[in-house]
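The following report walks through one structure, moving from strand pairing to the core, the aromatic rings, the charged pairs and the backbone. Please keep the sequence and the model in view while reading.

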Amino acid sequence: MASTPSTRRQHVTDSFARRSADDVAKAFIPHYYNLFDTNREGLASLFRNESQFTFEGDGPKAGAPAIMEKLRTLPPVQHQPQTIETQPSTNPNAILVFCTGNILVEQGKPLKYSEVFQLVASAPGQYYLHNVIFRFNYA
C-alpha cells in the first residue's frame, strides 16, 4: 500500500503522541512509586472525585477520600518497576500505562506485581489518576 501525505502525517502524529505518552509514563511511574513508598499521603493530590482504584479485586474505590482510606490500610512496601508500556486512551488527553515489577512488602521477599494506570491531563503537562488497578502475580 502506497504512503500518501495524509498517512505520513498520521504516522508522524502517532509517533509523536507515542513518544510523548512514553515520556509522561517514564516520568510518572518513578514519581508515583516514590510517593507510595515514602510519603503515601502525597498521593492524594494525584486523585480526583472521579478517580477509581482497585487493589487485588477490592474495589473499585471511588474518589480521592475512599482511595486514600484504602491506601492507608496497606503495609509499608518498596516498588521496583521493571517494565512500563503505554497506549493512547479513548480520549486524546489520556494515557493508558501498564507497569510490572517486584514489590517488597514489609521488607520481605520480592513479589511480582502488575499495575494499570489511566492518566488524564488536567492542564498542559499535568495529569491525574483516573483509574488504577493493582494485582500481585502468583505463579
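In this predicted model, strand S3, residues 77–88, pairs with S4 in the antiparallel sense, and the pairing runs over 11 bridges. The two strands form a hairpin in which five residues lie between S3 and S4. For orientation within this pairing, His79 can be located opposite Ile103, a residue of S4.

**The nonpolar core**

The largest nonpolar core has 31 residues, and the members that touch the most others are Phe28, Tyr32, Leu43, Phe47, Leu71, Phe117 and Leu129. At least two residues of this core come from each of helix H1 (5–38), strand S1 (47–55), helix H2 (64–73), strand S4 (94–105), strand S5 (110–123) and strand S6 (126–137). Among the contributors, H1 gives the most, with nine residues. Once residues up to four places away in sequence are set aside, Phe28 touches Leu46, Phe117, Leu119 and Leu129.

How are the buried residues of H2 arranged around its axis? The residues of H2 that are buried are Ala64, Ile67, Met68, Lys70 and Leu71. Viewed down the helix axis, they fall within an arc of 160 degrees, and therefore they line one face of H2. The other side of H2 carries Pro65, Glu69, Arg72 and Thr73, which are exposed.

**Aromatic rings**

Over the whole structure, a search finds 12 aromatic pairs. One of them is the stacked pair of Tyr113 and Phe134, with 5.6 Å from centre to centre and 15 degrees between the planes. This pair links distant parts of the chain, since Tyr113 belongs to strand S5 and Phe134 to strand S6, 21 residues apart. Both partners are buried: the relative accessible area is 0% for Tyr113 and 2% for Phe134. Phe134 also pairs with Phe136, and because the ring centres are 5.0 Å apart with the planes at 90 degrees, this second pair is edge-to-face. Phe136 is buried as well, with a relative accessible area of 15%.

These rings belong to one aromatic cluster, which is formed by Phe28, Tyr32, Tyr33, Phe36, Phe55, Tyr113, Phe117, Phe134, Phe136 and Tyr138. Among the cluster members, Phe28, Tyr32 and Phe117 also appear in the list of core residues that touch the most other members.

**Salt bridges**

The count of salt bridges comes to four, and the table lists some of them, with the distance between the closest N and O atoms in each case.

| Nitrogen partner | Oxygen partner | Closest N and O atoms |
|---|---|---|
| Arg135 | Glu56 | 3.8 Å |
| Lys61 | Asp58 | 3.2 Å |
| Lys70 | Asp58 | 3.0 Å |

The pair of Arg135 and Glu56 links distant parts of the chain, with Arg135 in strand S6 and Glu56 in the loop between S1 and strand S2 (58–62), 79 residues apart. Neither end of this salt bridge is classed as buried, because a residue must lie under 20% relative accessible area for that, whereas Arg135 is partly exposed at 41% and Glu56 is partly exposed at 24%.

The salt bridge between Asp58 and Lys70 joins strand S2 to helix H2, so it ties together parts that are 12 residues apart in sequence. Salt bridges with shared partners connect Asp58, Lys61 and Lys70 into one network. Within this network, Lys70 is buried, with a relative accessible area of 16%, while Asp58 is partly exposed at 31% and Lys61 is partly exposed at 25%.

**Backbone details**

Between Gly59 and Pro60 the peptide bond is cis, with omega at about 10 degrees, and Pro60 has its place in strand S2. Glu56, already met as the partner of Arg135, has a phi near 50 degrees, which is a positive value in a residue other than glycine. Another non-glycine residue with a positive phi is Gln107, where the angle is about 60 degrees. Gln107 is found in the loop between S4 and S5 and counts as exposed, at 63% relative accessibility.

Note on methods: Residues are numbered from 1 along each chain as its sequence is written. This is a predicted model: local features need pLDDT of at least 70, side-chain atom pairs count only at pLDDT 80 or more; totals for chains, interfaces and linings use all residues. Side-chain values use heavy atoms; hydrogens and water are left out. A nonpolar core is a set of buried Ala, Val, Leu, Ile, Met, Phe, Trp, Tyr and Cys residues joined through side-chain atoms within 4.5 Å. Buried means under 20% relative accessible area, exposed over 50%, partly exposed in between (1.4 Å probe, protein chains only). Helices (H or I, at least four residues) and strands (E, at least two) are DSSP runs, numbered from the N terminus. Contact means heavy atoms within 4.5 Å. A salt bridge is a side-chain nitrogen of Lys or Arg within 4 Å of a carboxyl oxygen of Asp or Glu. The arc is that of the directions from the helix axis to the C-beta atoms. Two strands pair if DSSP finds at least two bridges between them. Rings of Phe, Tyr and Trp (its six-membered ring) pair if their centres lie within 6.5 Å; planes under 30 degrees apart count as stacked, over 60 as edge-to-face and the rest as tilted.
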